[in-house]
Amino acid sequence: MGALVSSIIAFLVVWTGFGLIFNDFDEGILIFTIAGIITGYNIGKKINYNM
């Protein structure tokens, strides 16, 4: 769970940084990337790595 939160926070920092530099805060990228991070995290939890 800590990896999920830290990756979302890291993306928010990067998204804000690029938004400030290029003066373009695209909310679509924000929403879809966070949804992708959460989906990937949930899929990764279900994979059994001890095959």
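Tutor: A residue is called buried under 20% relative accessible area, exposed over 50%, and partly exposed in between. The model under discussion is a predicted one.

Student: Is Thr-33 buried, partly exposed or exposed, and what makes it so?

Tutor: Thr-33 has a relative accessible area of 26%. Partly exposed is the term for values between the 20% and 50% limits, so it applies to Thr-33. This residue is placed in helix H2.

Student: What polar contact does the side chain of Thr-33 make, and how do you know that the pair qualifies?

Tutor: A polar atom of the Thr-33 side chain lies 2.7 Å from the backbone oxygen of Ile-29. The limit for a pair of N or O atoms is 3.5 Å, so the distance of 2.7 Å qualifies.

Student: How do you know what span helix H2 should have, and what do the C-alpha atoms show?

Tutor: Helix H2 covers residues 27-46, which is 20 residues. The expected span is 1.5 Å times one less than the number of residues, and therefore 28 Å for this helix. The end C-alpha atoms of H2 are 29 Å apart, which agrees.

Student: Why is Asp-26 said to cap H2?

Tutor: A side-chain oxygen of Asp-26 lies 3.4 Å from the backbone nitrogen of Gly-28, at the N-terminal end of H2. The cut-off for a polar contact is 3.5 Å, so this distance of 3.4 Å falls within it.

Student: Why is Asn-23 called exposed, and where is it found?

Tutor: The relative accessibility of Asn-23 is 66%, and exposed means over 50%, so Asn-23 counts as exposed. Asn-23 is found in the loop between H1 and H2. Its phi is near 55°, a positive value in a residue other than glycine. Between Asn-23 and Thr-33, ten residues apart in sequence, the C-alpha distance is 19 Å.

Student: Which term, buried, exposed or partly exposed, fits Ala-10 and Ile-38?

Tutor: Ala-10, in helix H1, has a relative accessible area of 41%, so the term is partly exposed. For Ile-38, in helix H2, the value is 35%, and partly exposed therefore applies as well. These two residues are 28 residues apart in sequence, with their C-alpha atoms 14 Å apart in space. Ile-38 and Phe-18 are 20 residues apart in sequence and 22 Å apart, C-alpha to C-alpha.

Student: Is Met-1 buried or exposed, and what patch does it belong to?

Tutor: Met-1 has a relative accessible area of 63%, and the limit for exposed is over 50%, so Met-1 is exposed. Met-1 is found in the segment before helix H1 (2-22). Together with Val-5, Ile-9 and Val-13, Met-1 forms a nonpolar patch on the surface, with about 410 Å² of accessible area in total.

Student: How do you know how the protein chain compares with a compact globule?

Tutor: The radius of gyration of the protein chain is 14 Å, whereas a compact globule of 51 residues would have one near 10 Å. The C-alpha atoms fill a box of roughly 45 × 20 × 15 Å along the principal axes. The protein chain has two helices and zero strands, and 12% of its 51 residues count as buried.

Student: What share of the accessible surface belongs to carbon and sulfur atoms?

Tutor: Carbon and sulfur atoms account for 71% of an accessible surface of about 4100 Å².

Definitions and conventions
Residues are numbered from 1 along each chain as its sequence is written. This is a predicted model: local features need pLDDT of at least 70, side-chain atom pairs count only at pLDDT 80 or more; totals for chains, interfaces and linings use all residues. Side-chain values use heavy atoms; hydrogens and water are left out. Patches are made of residues with over 30% relative accessible area and no salt bridge: like charges are joined within 9 Å, nonpolar side chains (Val, Leu, Ile, Met, Phe, Trp, Tyr) within 5 Å. Accessible areas come from the Shrake-Rupley method with a 1.4 Å probe; for residues, only the protein chains shown count as cover. A salt bridge is a side-chain nitrogen of Lys or Arg within 4 Å of a carboxyl oxygen of Asp or Glu. Helices (H or I, at least four residues) and strands (E, at least two) are DSSP runs, numbered from the N terminus. Buried means under 20% relative accessible area, exposed over 50%, partly exposed in between (1.4 Å probe, protein chains only). The radius of gyration is taken over C-alpha atoms; the globule rule is 2.2 Å times the number of residues to the power 0.38. A polar contact is a pair of N or O atoms within 3.5 Å; within protein, one must be able to donate a hydrogen and the other to accept it, and residues adjacent in sequence count only if both atoms are side-chain atoms.
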